[in-house]
Amino acid sequence: MRIRLVGVLLVGWLVAGVGAEQTRPIFTGMWKFVGEKSTPANRSGLGDEIRITQEANALVLEGPMTQLVTQPDGKSELVVGGLGPPMVYTMDGEEHSPARNPVRPSDGGFTFYYLSGGPYRVSWDGNALVVTGSDEILYTSKGMMEWVRRRLNTRLSMDPDGALVIERTIERDPADKGQIDVKKGAYRSIYRKVS
């Protein structure tokens, strides 16, 4: 009787585990930022349009390509346009360092990364996918330019209406000292599926 009870409990536990994984959202699609439902309304967490492909053990993200381009007069400016190269994030809860995917060619330009350009970790927290990571990005302020190491935390989930919710915090790594003051950013961006 005791062996049968243990067997029933084990089968029930396995079925419950499989059911929990089956209810996890699928983020695959082309998504467009909905400002009026987001905080702040005028700035998205990952860009105005993003493409996500969710595979069995990886999240592939294509976000807006942001480049620092040097103009003929010698001045540099940030230019945003089109989707950048796909970045692949392994979803196994382990720490990974992303391969530096090639960027589209541009004279005097480069592209930034999306969820993380440095070491990262992706894991499920209930029905939300959480990406913790870091990157290094160029900041400009009052005529100064400085590379800043940042810590990133990005949480992807779906609301009951099928909208993609991206909650994101960005802050300077405390170990990274510099002259430019970098404020902590917090975003709750809502995206609707367009394809």
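In the predicted model, strand 10 and strand 11 form a hairpin in which five residues lie between the two strands. Within the turn, G162 adopts a positive phi of about 85°. Strand 10 spans residues 144-158 and strand 11 spans residues 164-172, and the two pair in the antiparallel sense over nine bridges. In this pairing, S157 is placed opposite V165 of strand 11. Strand 11 is also paired with strand 12 (residues 185-193), again in the antiparallel sense, here over seven bridges. V165 stands opposite I190 of strand 12; V165 thus has S157 as its counterpart in one pairing and I190 in the other.

These strands belong to an open sheet of 10 strands with antiparallel pairing, arranged in the order 6-3-2-1-12-11-10-9-8-7. The edges of the sheet are occupied by strand 6 and strand 7 (95-96); each has a single partner strand, so one side of each is left without a neighbour in the sheet. Strands of a sheet pair through backbone hydrogen bonds, in either a parallel or an antiparallel manner. Elsewhere in the sheet, strand 2 and strand 3 (residues 58-62) pair in the antiparallel sense over four bridges, with Q54 opposite L59 of strand 3.

Taken as a whole, the secondary structure of the protein chain comprises one helix and 12 strands. Along the sequence, these elements follow the pattern α-β-β-β-β-β-β-β-β-β-β-β-β. The protein chain has 195 residues, of which 38% are buried. Of the contacts with a separation of 6 or more, 52% involve residues 24 or more positions apart.

The largest pocket has a volume of about 1,000 Å³. Its lining consists of 34 residues, and those nearest its centre are R43, T66, I137, R150 and Y187. Two or more lining residues are given by each of strand 4 (64-70), strand 5 (76-83), strand 9 (128-141), strand 10, strand 11 and strand 12. Strand 9 provides the largest share of the lining, at five residues. Classified by residue type, the lining of the largest pocket contains 17 nonpolar, eight polar and nine charged residues.

Y187, one of the residues nearest the pocket centre, was also considered in relation to A41. The C-alpha atoms of A41 and Y187 are 9.3 Å apart in space, although the two residues are separated by 146 residues in sequence. A41 is located in the loop between strand 1 (29-33) and strand 2 (49-54). With a relative accessibility of 46%, A41 counts as partly exposed, a class that lies between the limits of 20% for buried and 50% for exposed residues. When residues up to four places away in sequence are not counted, A41 touches F33 and G35.

Three aromatic pairs are present in the structure. In one of them, the ring centres of Y89 and Y120 are 5.0 Å apart and the ring planes meet at 80°, so the pair is edge-to-face. Because Y89 lies in strand 6 (residues 87-90) and Y120 in strand 8 (residues 120-125), the pair ties together parts that are 31 residues apart in sequence. Both Y89 and Y120 are buried.

Conventions
Residues are numbered from 1 along each chain as its sequence is written. This is a predicted model: local features need pLDDT of at least 70, side-chain atom pairs count only at pLDDT 80 or more; totals for chains, interfaces and linings use all residues. Side-chain values use heavy atoms; hydrogens and water are left out. Two strands pair if DSSP finds at least two bridges between them. On a 1 Å grid over the protein atoms alone, a cavity is a set of points where a 1.4 Å probe fits but cannot get out, and a pocket is an open set with protein on both sides within 12 Å along at least five of seven lines; lining residues have an atom within 4 Å of a point. Grid points are joined across faces, edges and corners, and a volume is the space filled by probe spheres set on the points. Ala, Val, Leu, Ile, Met, Phe, Trp, Tyr, Cys and Pro count as nonpolar, Asp, Glu, Lys and Arg as charged, and the others, Gly among them, as polar. Buried means under 20% relative accessible area, exposed over 50%, partly exposed in between (1.4 Å probe, protein chains only). Contact means heavy atoms within 4.5 Å. Rings of Phe, Tyr and Trp (its six-membered ring) pair if their centres lie within 6.5 Å; planes under 30 degrees apart count as stacked, over 60 as edge-to-face and the rest as tilted.
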